[in-house]
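Here's a quick briefing to read alongside the model. Have the sequence and the 3D view open as you go.

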Amino acid sequence: MPTSRILLWSGLAAAAGGAVLCALGWYGISGERFAERQLPYLASCTVPGAALLVAGAVLVGAAALLPASPPRPRSPTPEEPPPPSSDGPLLRVPGGTLAHRPDCPLVAGRAEAVEVGDAGLAPCPVCEPWTP
């Protein structure tokens with residue numbers, strides 16, 4: 001479960017609990033005529049209820065500020081072409097010093113890539129053309 005959801009639901013629960021405590025404190029105070037008898041309701045219900053309301057608001061605000069969870073990677077669709085095959089001559093980029101397989105991401109799809117021929121080039125560290 002993402003952190004923003006935990007913060008959101010925790011904030012909502014804290015705010016609801018705070019609202020209930022404030023309502024109970026108000027109900028208790030409203031039945032007392034003298035201020036001395038109202039203080040226990042303030043201390044036990046209204047003040048903690050107000051604190052829970054503030055904490056709930058902070059948690060909900062923090063949940064709103066967190067970035068959304070990253071999107072899931074998409075799965076390949078059947079319409080996508082298959083990856084290129086490694087069968088074929090080794091390729092190089094003009095002026096380059098590395099030999100690549102045809103499906104190497106460094107040369108795949110590049111029109112300027114040409115066959116290596118008999119040029120003495122180093123193997124590409126990405127596609128490793130001379131490994132079985």
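**Cysteines, core and surface**

C124 is buried, with a relative accessible area of just 1%. Keep in mind that this is a predicted model. The notes below start from that cysteine and work outwards to the helices.

**Core**
- C124 belongs to the largest nonpolar core, a set of seven residues that also takes in L91, V93, C104, V107, A113 and C127.
- Beyond its neighbours within four places in sequence, V107 is in contact with L91, V93 and A113, and also with H100, R101 and P102.

**Cysteines**
- How many disulfides does the structure hold? The count is zero.
- C22 is in no disulfide, and the nearest cysteine sulfur, in C45, sits 8.8 Å away.
- Why is C124 not bonded to C104? The C104 sulfur is the closest cysteine sulfur to that of C124, but the two are 3.8 Å apart, which is too far for a bond, because a disulfide needs the sulfur atoms within 2.5 Å.

**Helix α1 and its surface patch**
- W9 lies in helix α1, which covers residues 3-30.
- Is W9 buried or exposed? W9 counts as exposed because its relative accessible area is 55%, and the cut-off is over 50%.
- Together with L8 and L12, W9 makes a nonpolar surface patch of about 300 Å².

**Helix α2**
- A50 has its place in helix α2, residues 35-65.
- With 35% relative accessibility, A50 is partly exposed.
- A50 and A15 are 35 residues apart in sequence, and their C-alpha atoms are 8.8 Å apart in space.

Methods
Residues are numbered from 1 along each chain as its sequence is written. This is a predicted model: local features need pLDDT of at least 70, side-chain atom pairs count only at pLDDT 80 or more; totals for chains, interfaces and linings use all residues. Side-chain values use heavy atoms; hydrogens and water are left out. A nonpolar core is a set of buried Ala, Val, Leu, Ile, Met, Phe, Trp, Tyr and Cys residues joined through side-chain atoms within 4.5 Å. Buried means under 20% relative accessible area, exposed over 50%, partly exposed in between (1.4 Å probe, protein chains only). Contact means heavy atoms within 4.5 Å. Patches are made of residues with over 30% relative accessible area and no salt bridge: like charges are joined within 9 Å, nonpolar side chains (Val, Leu, Ile, Met, Phe, Trp, Tyr) within 5 Å. Accessible areas come from the Shrake-Rupley method with a 1.4 Å probe; for residues, only the protein chains shown count as cover. A salt bridge is a side-chain nitrogen of Lys or Arg within 4 Å of a carboxyl oxygen of Asp or Glu. Helices (H or I, at least four residues) and strands (E, at least two) are DSSP runs, numbered from the N terminus.
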